[in-house]
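Biologist: I have not seen this structure before. Please take me through a few of its residues and its pockets.
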Amino acid sequence: MRGRNHLKAVLSDEEVYNEAAMEAFPVYNKSHMICLEMPSRAGDVIVSSYSEITENEYLDPRSAQVAIVDHVKQICTKVRPANDEELPSSYIEEYRYALDAEIQRYVSESYPKGVSAVNCVKGKDADGPGSDFELVVIITAMKLSPQNFCNGSWRSVWNIDFQDESQVLNIKGKLQVGAHYFEEGNVELDAKNEFQDSTIFQSADDCAIGIANIIRHHETEYLAALEVAYSKLPDNTFKDLRRKLPVTRTLFPWQNTLQFSLTREVEKELGLGK
């Protein structure tokens, strides 16, 4: 709210601000996959291009409800039951439901503030074997702590292409991790990576377990790689960013660079480590 007020003051034009906000906020909210609480504690909805029905309506497949969203205020104003044409067929729902349950279990174990959703984005009308379809797993976790001068986020999207003829599931994942520290300085992490994998087309429950294990494997390995990279910051990255002999003509105390390490703070604030 404070940021919006500051922007209004800079623009000095309510009409211009409203026009810009109506265009910019939906793009931001979907790209950051923000999670909004639905009224009456009906659940949460993730605002994303995968759940979008109209610009202000987003499907929560878990509760079979559609959330009406105010993008500028970043709130869910009301909900309505989803129509039959907005939901997958009973055949697809069996696979979606099983995968959603496994992903919920994984997220609850691995992300202290994580939220997930599984959407059908292709072939949702298939009424039985013989058709291809595609599910998308969305995982988002955020920790906003501006009073402590730090924010962190984790976003991952996994597309699972169910190919009936070859009896193969092709899995593609995109991960994005962000961390921002701005106390007496400005340090920001924006790390991205992509993955590909596959498994066999089985029953709904077996597919769900196999997919969840693949996602768990890749995300755990990626987090471990980030932790290793952070542990090398004092000896590598910091030295490359600073002169050996700065303008003060005083040598930098490289032997004590652990005091400048971000590793422990990043892990703690982002809440992704064990």
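**Two loops and two pockets**

Modeller: This is a predicted model. The backbone nitrogen of Asp-164 sits 2.8 Å from a polar atom of the Asp-132 side chain.

Biologist: Is Asp-132 buried or exposed, or in between?
Modeller: Asp-132 belongs to the loop between β7 (114–122) and β8 (133–145). Its contacts beyond four places in sequence are Gly-123, Phe-162, Gln-163, Asp-164 and Glu-165. Its relative accessible area is 42%, and buried means under 20% while exposed means over 50%, so Asp-132 is partly exposed.

Biologist: Which backbone oxygen does the side chain of His-71 reach?
Modeller: His-71 lies in the loop between β5 (65–70) and β6 (75–81), and at 5% relative accessibility it counts as buried. Its contacts outside four places in sequence include Phe-25, Val-47 and Glu-55. At 2.7 Å, the side chain reaches the backbone oxygen of Glu-55.

Biologist: What is the most numerous class in the lining of the largest pocket?
Modeller: The largest pocket has a volume of about 750 Å³. Of its 27 lining residues, those closest to the centre include Tyr-28, His-32 and Met-142. By class, the lining has five charged, nine polar and 13 nonpolar residues, so the class asked for is nonpolar.

Biologist: Where does the second largest pocket lie with respect to domain 1 (1–87) and domain 2 (88–245)?
Modeller: The second largest pocket holds about 410 Å³ of space. Its lining has 20 residues, with Tyr-50, Val-157, Lys-174, Leu-175 and Gln-176 nearest its centre. Because both domains give residues to the lining, the pocket lies between domain 1 and domain 2.

Definitions and conventions
Residues are numbered from 1 along each chain as its sequence is written. This is a predicted model: local features need pLDDT of at least 70, side-chain atom pairs count only at pLDDT 80 or more; totals for chains, interfaces and linings use all residues. Side-chain values use heavy atoms; hydrogens and water are left out. Helices (H or I, at least four residues) and strands (E, at least two) are DSSP runs, numbered from the N terminus. Buried means under 20% relative accessible area, exposed over 50%, partly exposed in between (1.4 Å probe, protein chains only). A polar contact is a pair of N or O atoms within 3.5 Å; within protein, one must be able to donate a hydrogen and the other to accept it, and residues adjacent in sequence count only if both atoms are side-chain atoms. Contact means heavy atoms within 4.5 Å. On a 1 Å grid over the protein atoms alone, a cavity is a set of points where a 1.4 Å probe fits but cannot get out, and a pocket is an open set with protein on both sides within 12 Å along at least five of seven lines; lining residues have an atom within 4 Å of a point. Grid points are joined across faces, edges and corners, and a volume is the space filled by probe spheres set on the points. Domain bounds come from an automatic or database domain assignment.
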